[in-house]
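Work through these exercises with the sequence and the model side by side. Try each task before reading its solution.

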Amino acid sequence: MSSTDLGHLVYSFDIPAEQPWSRVLKRGQTLRIIDSEGEQAVDALIYVAADTAERYSAQDTLRVQGSAYLELGTRLISNRGRVMARITADTCGRHDTSAGCCSCESNAVRFGEATRYLHACRENFILELSRHGLTKRDIVSNLNFFMDVPIEPTGNFTVLDGPSVPGNHVDVTAEMDVLFVISNCPQVNNPCNGFDPTPIRVEIREAPTA
């Protein structure tokens, strides 16, 4: 899908390495997330703009689509069973919604106490959500774009090297007005970022006109 197909560009921003970002997407707008340098995981949360008590549900999304992974055509379902958005373009092909986001606590457990106070996605989410009147209690299971987390038949999973190459992108088209929150993952202890967090680019386009 080309940029022309998506309609008029109304917003673009380069999210620095390790930093959070948020913006309200209007119904019909498409958010393009571009992995500028490759091998960069992007954690995301989605809330209904008019009522943030309704938010993205990983469990309902996986149940509805009958797959453990996010891919082209996936409907992103809320905790009230409504379609919040759809993945409408994807040049990477591998995205996760099971592994959650990194935190100071999980860093300490997985990589040792010395890593506890390294910056993490949970802390990014807390900071960005506070700008919208939300707290850490509002963090739910999130999306992990450009993150390869194969799940074995036993239910075990592990985080592999980031699967994206420079310029890979994923498009998310809003089915209602939603608050989209991103943590440009700062993790340096597992290979989801190639051990080197880098910037990403976000672009928002209006629905194409007939």
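**Exercise 1. Place D60.**
Task: Is D60 buried or exposed?

Solution.
- Step 1. The relative accessible area of D60 is 19%, so D60 is buried. Buried means under 20% relative accessible area, exposed means over 50%, and partly exposed lies in between (1.4 Å probe, protein chains only).
- Step 2. D60 belongs to helix α2, residues 58-65. Helices (H or I, at least four residues) and strands (E, at least two) are DSSP runs, numbered from the N terminus.
- Step 3. Look for contacts, meaning heavy atoms within 4.5 Å. With neighbours within four places in sequence set aside, D60 touches I77, S78 and N79.

Ground rules for every exercise: this is a predicted model, where local features need pLDDT of at least 70 and side-chain atom pairs count only at pLDDT 80 or more, while totals for chains, interfaces and linings use all residues. Residues are numbered from 1 along each chain as its sequence is written, and side-chain values use heavy atoms, with hydrogens and water left out.

**Exercise 2. Classify the aromatic pair.**
Task: Find the structure's one aromatic pair. Why is the pair of Y11 and W21 classed as it is?

Solution.
- Step 1. A pair of aromatic rings is described by the distance of the centres and the angle of the planes.
- Step 2. Apply the cut-offs: rings of Phe, Tyr and Trp (its six-membered ring) pair if their centres lie within 6.5 Å; planes under 30 degrees apart are stacked, over 60 edge-to-face, and the rest tilted.
- Step 3. The ring centres of Y11 and W21 are 6.1 Å apart and the planes meet at 35°, so the pair is tilted.
- Step 4. Y11 sits in strand β1 (residues 9-15) and W21 in strand β2 (residues 20-25), 10 residues apart.
- Step 5. Check burial. Y11 is buried at 17% relative accessibility. W21 is buried at 4%.

**Exercise 3. Find charges over rings.**
Task: Which charged end sits over the ring of Y11? What lies over the face of Y69?

Solution.
- Step 1. The test: NZ of Lys or CZ of Arg must be within 6 Å of the ring centre and within 35 degrees of the ring normal.
- Step 2. R23 places its charged end over Y11, 3.9 Å from the ring centre.
- Step 3. R94 covers the face of Y69, 4.2 Å from the ring centre.

**Exercise 4. Trace the six-stranded sheet.**
Task: What is the strand order in the open sheet of six strands?

Solution.
- Step 1. Two strands pair if DSSP finds at least two bridges between them.
- Step 2. The order is β1-β10-β3-β8-β6-β5, with antiparallel pairing.
- Step 3. β1 and β5 (75-77) are the edge strands, and each pairs on one side only.
- Step 4. Neighbouring strands turn by 20° against each other on average, direction ignored. Axes are lines fitted to C-alpha atoms, for helices over the stretch in contact; angles run from 0 to 180 degrees between N-to-C directions.
- Step 5. Follow R86. Three bridges join antiparallel β5 and β6, and R75 has R86 in β6 as its bridge partner. Strand β6 (residues 83-90) also pairs with strand β8 (residues 169-174), antiparallel, over five bridges. There, R86 stands opposite T173, and A89 has D171 as its bridge partner.
- Step 6. β5 and β6 form a hairpin with five residues between them, and G81 in the turn has a positive phi of about 80°.

**Exercise 5. Dock helix α4 on the other sheet.**
Task: Which strands does α4 touch?

Solution.
- Step 1. The open sheet of four strands runs β2-β9-β4-β7, antiparallel.
- Step 2. β2 and β7 (143-145) each have a single partner strand, so one side of each lacks a neighbour in the sheet.
- Step 3. The twist averages 25° from one strand to the next.
- Step 4. β2 and β9 pair over six bridges. L25 stands opposite V178 in β9.
- Step 5. α4 packs on this sheet, touching β2, β4 and β9, and its direction makes about 140° with that of β9.
- Step 6. In α4 (residues 121-130), the buried residues are C121, N124, F125, E128 and L129. They cover an arc of only 120° around the axis, which puts them on the same side of α4. The arc is that of the directions from the helix axis to the C-beta atoms.
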